[in-house]
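Student: I have a structure open in front of me and would like to learn how its descriptive words are earned. Could we go through some of them together?

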Amino acid sequence: MENLTEILVSVLPPFLLLGVGAFARGAGWLRAEADASLSMMTIRILYPCFIFYHVLGSERTEIDENTLVLPGFGFLLIILGFGISWIVARLMKIDPWSARSFVFCSGIFNYGFFALPVALSIFGDEIIVEIILFNLGVEVAIWTIGILLLTSSSLSVRGLLNPPSVAVILALFVQANGGKEWIPAYSWEVIEMIGRCSIPMGLILIGGSFYQLLRGFQCSKGYRVEISALLVRNFIFPVLVLAYLSWGWLPDGIDWLPEVLMIQAAMPAGIFAVVIVGNYKGDRNTAMRAIIVTMVASVATLPFWLAYGLKVLE
């Protein structure tokens, strides 16, 4: 019970920041028309600085096979999520058009702005770089296989050239060629200050968007989408990943991989997926239902899976 209490305390800050964003939206201080510009600034400036600060501040100085294994697992975990979502959508008889958006949103866990502060509170700064590398594979899977599933069009790689992915690759290159010694102290201080703003700003924006989604929320007929999303994201996916951690193959020399997998397995659906669905003219209502129900349920399931996952790691 003491361990569960510690887990509950560790996940409170992200939820409180979501609450701050929801309160600000409800009070009219964080207006919907500001979302696009603030999100763009977060993705293109704040989060890349966060990546630079942690990668260049780490002891990782070379790109080796271990550097490539983490993105590989990130890619495979997203593919696993898509596969589970597709099977559940077929079993629950979600109509084909809505199923595309369901598979896309339910298959993607909240791998960034929500997972990072939770991991930081449980494991400390050392895990952040590992999650950043893991998320590179996640981004590749989303913008290739994910968009293919969502649109049924030809495979496109344009989305791979997004600021976070480019920042990871550039940061690894700089780190392998001298690291932050090439950066003046005053510039490094600015990078640190900007980077520290990224997670709070991202969570506040997510909280505001979450409030907006809840206001227009309507359940699907027969609650098929909601039940399916809970099965995928809050039950089947964490069970399979934690089972893999117990009995599956894990490469030697990557000490942080089990911790990264455990953190990501417990996450709800990623709320940013609804933006992608809207941009590609998918079923936004289905996306909202899948995301909202898993986020609400994660208040209970997230601490439970984290507590259970820590026992598995032991």
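Tutor: Gladly! Serine 98, which sits in helix 4, makes a good start. Keep in mind that this is a predicted model.

Student: What makes serine 98 count as buried?

Tutor: Its relative accessibility is 8%. Buried means under 20%, so serine 98 counts as buried.

Student: Which residues does serine 98 touch, leaving out those up to four places away in sequence?

Tutor: Serine 98 touches Asp283 and Thr286. With aspartate 283 there is also a polar contact between the side chains, at 2.7 Å.

Student: How do you know that this pair is a polar contact?

Tutor: The limit for such a pair of N or O atoms is within 3.5 Å, and the side chains of serine 98 and aspartate 283 are joined at 2.7 Å.

Student: What about valine 103, buried or exposed?

Tutor: Valine 103, also placed in helix 4, has 6% relative accessibility and therefore counts as buried, the cut-off being under 20%. Beyond its neighbours within four places in sequence, valine 103 is in contact with Phe82, Ser85, Trp86, Ala89 and Leu149. Valine 103 also lies 8.7 Å from glycine 146, C-alpha to C-alpha, with their positions 43 residues apart in sequence.

Student: Why is glycine 26 called partly exposed?

Tutor: Glycine 26 has 44% relative accessibility. Buried is under 20% and exposed is over 50%, with partly exposed in between, so glycine 26 counts as partly exposed. This residue belongs to helix 1, residues 2-27. Glycine 26 and leucine 8 are 18 residues apart in sequence and 26 Å apart in space, C-alpha to C-alpha.

Student: And how do you know that lysine 93 is exposed?

Tutor: Its relative accessible area is 64%, and exposed means over 50%, so lysine 93 is exposed. Lysine 93 is in the loop between helix 3 and helix 4. Its phi is positive, about 55°, although lysine 93 is not a glycine.

Student: Where does tyrosine 223 lie, and what is its phi?

Tutor: Tyrosine 223 lies in the loop between helix 8 and helix 9. Its phi is near 55°, a positive value in a residue other than glycine.

Student: Let us turn to helix 10. Why is helix 10 said to be largely enclosed by the rest of the structure?

Tutor: Helix 10 runs over residues 257-265, and 9 of its 9 residues are buried, so the rest of the structure largely encloses it. Among those buried residues are Leu257, Val260 and Ala265. The buried residues pack against helix 3, helix 5, helix 6, helix 9 and helix 12.

Student: What makes helix 3 and helix 10 roughly parallel?

Tutor: Their axes cross at roughly 25° and come within 11 Å. Angles under 35 degrees count as roughly parallel, so helix 3 and helix 10 earn that description. The crossing of helix 3 past helix 10 is right-handed. In this contact, Leu70, Phe73 and Leu77 of helix 3 meet Leu257, Leu261 and Gln264 of helix 10. By class, that gives 5 nonpolar residues, 1 polar and no charged ones.

Student: How does helix 5 stand to helix 10?

Tutor: The axes of helix 5 and helix 10 come within 10 Å and cross at roughly 130°. That makes helix 5 oblique to helix 10, because the angle fits neither the parallel limit (under 35), nor the antiparallel one (over 145), nor the perpendicular range of 65 to 115. Helix 5 passes helix 10 in a right-handed crossing. The helix 5 side includes Val118 and Ile122, and the helix 10 side includes Met262 and Ile263. This contact has 7 nonpolar, 1 polar and 1 charged residues.

Student: And why is helix 9 called roughly antiparallel to helix 10?

Tutor: Helix 9 and helix 10 pack at about 165°, with axes 9 Å apart. Roughly antiparallel begins over 145 degrees, so helix 9 is roughly antiparallel to helix 10. Helix 9 passes helix 10 in a left-handed crossing. Among the residues that meet here are Arg233 and Phe237 in helix 9, and Pro258 and Leu261 in helix 10. By class, the contact has 9 nonpolar, 1 polar and 1 charged residues.

Terms used:
Residues numbered from 1 in each chain as written. Predicted model: local features only at pLDDT ≥ 70, side-chain atom pairs only at ≥ 80, totals over all residues. Heavy atoms only, no water. Buried < 20%, exposed > 50% of the residue type's maximum accessible area, 1.4 Å probe, protein only. Helix = DSSP H or I, 4+ residues; strand = E, 2+ residues; numbered from the N terminus. Contact = heavy atoms within 4.5 Å. Axes fitted to C-alpha atoms, helices over the stretch in contact; angles between N-to-C directions. Left-handed = near helix turned anticlockwise from the far one by under 90°. Nonpolar A, V, L, I, M, F, W, Y, C, P; charged D, E, K, R; others polar. Polar contact = N/O pair within 3.5 Å; in protein donor to acceptor, adjacent residues only side chain to side chain.
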